[in-house]
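These are my notebook entries on a single chain. I record here what I looked up and how each term was defined.

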Amino acid sequence: HNQVLMSIVVCMPVLAYGTAMGWISPNKALLMGDSSPSTSPLSEEDVSWMASIMFIFAPIAVFIYGVAADKFGRKHALLCASIPVALGWAVKLLCAHPIALIGARALIGFGFGGAFVVCPLYVKEISEDSICGMTGTFIIFSQTMGNLFVFILGDLLPFNAVLWILLAIPLLHFCILLRLPETPSYLIKCGKNEETAKSWVG
């Protein structure tokens, strides 16, 4: 049961990815309207860049985080994935200028590129064979729930209130992950058998 709970926590960046993917949809009319939180209403080109920039930076992060996960560990790589995501939401809170929003989406995309590399690794390496299939579904389930979550928030809450909640997700993930151990597979790979026993057995 601990493995299931840990897998859910580990997949929080993917939940956040789902919220970022869906965030534009409930906010597009507001951002492009006369009451836009930006200095001036966003153009179709601005919105197009906001939507696409995440997928330009994510592939770059895939290779960087892949190397980092092997060199520094799954846990540390995953912690570093939450930092650009949190920074991206913070930028959106501080400034709604089109350039700032596009830059924020680039940061978020970079973090998510890393999360999609490290989250499945971490989940697989902490899950027993008997529950591996179930915990493996948490990746896509988290993304889908993130989409749904942001649609509901966007319908019920003001623009800035939604941003505060979305900022809280990567921050909460970072704080909880600090208390979780490194995966046993990585510890054994590094020859830390005693640390593996303390973290996962005793």
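What does the accessible surface of the chain come to, and what percentage of it belongs to carbon and sulfur atoms? I noted about 10000 Å², with 69% belonging to carbon and sulfur atoms. Accessible areas come from the Shrake-Rupley method with a 1.4 Å probe, and for residues only the protein chains shown count as cover.

Basis of the entries. The model is predicted, so I kept to its conditions: local features need pLDDT of at least 70, side-chain atom pairs count only at pLDDT 80 or more, and totals for chains, interfaces and linings use all residues. Residues are numbered from 1 along each chain as its sequence is written, and side-chain values use heavy atoms, with hydrogens and water left out.

Entry on the fold. I found ten helices and zero strands in the chain; both are DSSP runs numbered from the N terminus, helices being H or I of at least four residues and strands E of at least two. I looked up the radius of gyration, taken over C-alpha atoms, with the globule rule being 2.2 Å times the number of residues to the power 0.38. The chain has 18 Å, which agrees with the value near 17 Å for a compact globule of 202 residues. Its C-alpha trace spans about 60 × 30 × 25 Å along the principal axes.

Entry on burial and contacts. I read that 48% of the 202 residues count as buried (under 20% relative accessible area; exposed is over 50%, partly exposed in between, with a 1.4 Å probe and protein chains only). Contact means heavy atoms within 4.5 Å. Among contacts between residues at least 6 apart in sequence, 76% join residues at least 24 apart.

Entry on glutamate 125. This residue lies in helix H5, residues 98-126. I noted glutamate 125 as buried, because its relative accessible area is 14%. Leaving out residues up to four places away in sequence, glutamate 125 touches Arg74, Thr183, Pro184, Ser185 and Tyr186.

Entry on proline 59. I located proline 59 in helix H3, residues 44-72. Its relative accessibility is 41%, so proline 59 counts as partly exposed. The C-alpha atoms of proline 59 and glycine 114 are 8.7 Å apart, with their positions 55 residues apart along the chain.

Entry on cysteines. Why does cysteine 190 form no bond with cysteine 80? The closest cysteine sulfur to that of cysteine 190 is in cysteine 80, 16 Å away, which is too far. I found zero disulfides, a disulfide being a pair of cysteine sulfur atoms within 2.5 Å. Cysteine 190 is partly exposed at 36% relative accessibility, and cysteine 95 is partly exposed at 32%.
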